[in-house]
Amino acid sequence: MAPVFAPYPATRLRRVRRTPQLRALVRESHLTPGDLIWPIFVRDGKSERDPIPSMPGVSRLSVDLVVEAAREAASLGIPAICLFPYTDPSLKTEGCEEAWSADNLSNTATRAIKDAVPDIVVMTDVALDPYNANGHDGIVRDGVIVNDESVEALVKMALAQADAGADILGPSDMMDGRIGAMRAALESAGHTETAILSYAAKYASGFYGPFRDAVGASGALKGDKKTYQMDPANTDEALRQVARDLSEGADMVMVKPGMPYLDICRRVSETFQAPTFAYQVSGEYAMLRGASDQGWLNGDHVMMESLMCFKRAGCDGILTYFAPQAARLMNG
Ligand code: PBG
């Protein structure tokens with residue numbers, strides 16, 4: 001703790017809070033549209049937009065509208081979007097084969113975006129849940145989420161996404177050994193520039209509920225994800241997860257969810273000084289948006305405050321469904 005140099009009244013901490021200009025001079029953390037990654041839900045069809053009831057203001061978009069969203073992101077100064085497909089239930093299987101189909105929704109959207117808006121960074125999700133008849137992120141055998149077989153499937157999925165032109169792969173599956181396996185496969189396939197943002201410290205959270213509605217996984221999920229996602233009670237384990245993923249070749253790491261895990265953001269950013277991201281997840285969005293739609297909170301105020309807290313905790317950037325709204329506000 002830094003000492004206070006002079007006792008009151010020589011020190012009056014309010015002196016530098018007196019005007020907006022003085023406050024700007026002493027501000028410690030800064031948030032810009034360049035800090036944001038915008039998660040977008042993709043569906044099939046054309047000119048289709050289905051609102052997601054548990055995420056007011058967020059819709060699943062058909063590929064043509066996702067391309068429009070990518071243009072909007074670029075014009076707002078948001079560097080990256082992250083794609084999450086809503087897969088038709090008829091394409092979900094126990095083997096999850098659709099996950100590495102070259103023409104699945106995620107890969108189709110990636111190609112369309114890179115074609116139309118080449119500069120926008122496209123991030124994709126590497127996990128089997130949208131394609132899995134069981135709703136789990138890995139392959140299920142006799143009720144067990146099997147690690148190594150899941151990693152083999154995830155590697156095929158990662159290669160298909162890299163082939164489609166994804167700039168950043170986001171393994172959100174929490175299997176052991178997936179980062180090293182993906183990195184090795186990407187290198188041998190010549191995808192040496194494809195980056196990995198590892199969901200390194202991802203907790204088994206209740207805050208993912210609205211997301212599971214959005215990707216259509218809520219009904220399918222059998223049981224919970226506690227054998228692979230982290231126990232919310234743990235913090236040292238998050239550091240081991242991050243150390244392991246960096247040692248296997250992750251370029252960037254993520255803490256998820258965000259607001260309930262700011263202590264983890266701080267520890268990870270301070271300990272590793274590697275590019276660190278927080279995911280302000282669907283339930284956090286729903287809470288803030290729901291309360292502000294009721295008139296119980298000021299929406300813009302709490303949105304900006306909630307995003308700034310990640311910068312204060314040492315994060316380099318934030319995945320947030322508020323990205324376009326926050327960027328518009330920052331751009332005036
Ligand atoms: C699944 C995945 C989840 C999220 C991103 N990827 C949900 C889960 O683990 O069940 C959650 C994102 C959010 O809640 O906004 N691989």
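**Enclosed space, ligand and backbone**

The lining of the largest cavity contains seven nonpolar, three polar and seven charged residues. Here Ala, Val, Leu, Ile, Met, Phe, Trp, Tyr, Cys and Pro count as nonpolar, Asp, Glu, Lys and Arg as charged, and the others, Gly among them, as polar. The model is predicted: local features need pLDDT of at least 70, side-chain atom pairs need 80 or more, and totals for chains, interfaces and linings use all residues. Residues are numbered from 1 along each chain as its sequence is written, and side-chain values use heavy atoms, without hydrogens or water.

The largest cavity holds about 150 Å³ of space. A cavity is a set of points, on a 1 Å grid over the protein atoms alone, where a 1.4 Å probe fits but cannot get out; lining residues have an atom within 4 Å of a point. Points are joined across faces, edges and corners, and the volume is the space filled by probe spheres set on them. In total, 17 residues line the largest cavity. Nearest its centre lie Asp 129, Lys 202, Tyr 208, Phe 211 and Lys 256. Strand β9 (195-202) and helix α6 (209-214) each give at least two residues to this lining. Such elements are DSSP runs numbered from the N terminus (helices H or I, at least four residues; strands E, at least two).

The ligand takes up the space of the largest cavity; to sit there, more than half of its atoms must lie within 2 Å of the grid points. It is surrounded by 18 residues (a heavy atom within 4 Å). The closest are Lys 202, Arg 212, Lys 256, Ser 282 and Tyr 321. By class, this shell has eight nonpolar, three polar and seven charged residues. Three lysine side chains approach the ligand through N or O atoms. For Lys 202, the distance to a ligand oxygen is 2.7 Å. For Lys 225, the distance to a ligand oxygen is 2.7 Å. For Lys 256, the partner is a ligand nitrogen, at 3.4 Å. The protein covers 100% of the 400 Å² of accessible area that the ligand has on its own (Shrake-Rupley, 1.4 Å probe).

Two cavities reach 30 Å³ or more. The second largest has a volume of about 30 Å³. Its lining consists of Leu 83, Pro 85, Ser 106, Asp 125, Pro 130, Tyr 131, Met 157 and Gln 161. Five of these are nonpolar, two polar and one charged. Both β4 (80-85) and α4 (147-164) supply at least two residues of this lining.

Pockets are open sets with protein on both sides within 12 Å along at least five of seven lines. The largest pocket contains about 360 Å³ of space. Among its 20 lining residues, Trp 38, Gly 57, Val 58, Ser 59 and Pro 324 lie nearest the centre. Twelve of the lining residues are nonpolar, three polar and five charged. The second largest pocket contains about 270 Å³. Its lining has four nonpolar, one polar and five charged residues, including Arg 17, Arg 23, Glu 28 and Met 308.

Most residues other than glycine have a negative phi, and most peptide bonds are trans. Met 174, in the loop between β8 (168-171) and α5 (178-188), has a positive phi near 65 degrees. The bond from Tyr 8 to Pro 9 is cis, with omega near 10 degrees. Pro 9 lies in the segment before α1 (20-25). A cis bond also joins Lys 256 and Pro 257, with omega about -10 degrees. Pro 257 is placed in the loop between β10 (252-256) and α8 (262-272).

Definitions and conventions. A polar contact is a pair of N or O atoms within 3.5 Å; within protein, one must be able to donate a hydrogen and the other to accept it, and residues adjacent in sequence count only if both atoms are side-chain atoms.
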